[in-house]
Amino acid sequence: MLSKGHDNIGHNIGSVPSGRWHFEEININLVQAERYSEILWESTTKYQEAKIIQGKCFGRSLILDGKTQSTESDEFIYHESLIHPAFIHHKDPKNVFIAGGGEGATAREVLRYRSVQNVTMVDIDEEVVSACRKFLVNHHQGAFDDPRLELIFGDAKHYLETTDEKYDVVVIDVPDPLEAGPAYKLFTAEFYRLVQSKLNKSGILITQAGPTDPTSSDQCFTKVFNTIKSEFRRSYPYHSHIPAFGTTWGFVIGSDTQIIDEAGNIDAKLEEREIDNLSMYDGVAHRGLFNLPRYLRQSISSEKHIIRNNNPLFVK
């Protein structure tokens, strides 16, 4: 990724207007740039380079190690895609674990479900979460104050290794597996096996899984899917277009008993659960999420790699 020292190089690029710019490498041959008015918060935490900017296009954005995590204008696409396709198929989600999810928007979507009694959210970076609580109010919308949410600062993997709790849904909402970052250990077969051991009989794993565009899908997404497929009896890949990411973005569901019914009556299930006021997800959107294009299906079918502790995945 470009370092934060490159945020003000707009004057060197052709007809790009002058001003302060956040430049982000989508892949080695493509850069996306957004002009911003100010840096609301910036820190080198114990774990990562972090900042929150006020963007001119996407609004307030959380950026970790140079990579956009979510933005005010389109975070709903990411978070509704992450949560609802699996939750709407679980008959009675009560106890939920979230790894990461620092902005609070993942918890926000989980807490829409009235059946949910307890959400344990474990994020490694207290400094980032505190900044999100202060500056990204439109993301979390008060989710941190919901009495059903227990917020713990620490290593999600270690927490799962030491807890006796069983969960109905485990959500992995952590940054990409960067070599210098804190999240790469949460993308391995051994970790997914650990999650499996902490799930109730009808439990579901959900994870974000990286970009799915033709130039990048085999760098992370297909490997994550193949790894989850190797550990769970059923696995479901899907994706959604996230404008701020400059690409389509992948997600994977894993379960030993649940069946994600792509043709099911999603709208009726949403109404039954009293899930309303969604901006992205409904029955039509659900079908689109799982109708993967041919190139992506071919990429998935040809993937052989399984991510392991002794051979972790690092993306650039």
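The following legends describe close-up views of a predicted model.

**View 1. Backbone conformation at D65, a loop residue between two strands.** D65 falls in the loop that joins strand 4 (60–64) to strand 5 (67–71). Most residues other than glycine have a negative phi. In D65, by contrast, phi is positive, near 50°. The relative accessibility of D65 is 23%, so the residue counts as partly exposed.

**View 2. Backbone conformation at N277, a loop residue between two helices.** N277 belongs to the loop that runs between helix 8 (266–272) and helix 9 (283–290). Its phi is near 60°, a positive value in a residue that is not glycine. N277 counts as exposed because its relative accessibility is 66%, and exposed means over 50%.

**View 3. Surroundings of C57, a cysteine in no disulfide.** A disulfide is a covalent bond between the sulfur atoms of two cysteines. With a cut-off of 2.5 Å between cysteine sulfur atoms, the count of disulfides comes to zero. For C57, the nearest cysteine sulfur belongs to C132 and is 20 Å away; C57 is therefore not paired under the 2.5 Å cut-off. The relative accessible area of C57 is 54%, so this cysteine is exposed.

**View 4. Burial of the cysteine C220.** C220 has a relative accessible area of 2%. Because buried means under 20%, C220 is classed as buried. C57, shown in the preceding view, is exposed at 54%.

Key. Residues are numbered from 1 along each chain as its sequence is written. This is a predicted model: local features need pLDDT of at least 70, side-chain atom pairs count only at pLDDT 80 or more; totals for chains, interfaces and linings use all residues. Side-chain values use heavy atoms; hydrogens and water are left out. Helices (H or I, at least four residues) and strands (E, at least two) are DSSP runs, numbered from the N terminus. Buried means under 20% relative accessible area, exposed over 50%, partly exposed in between (1.4 Å probe, protein chains only).
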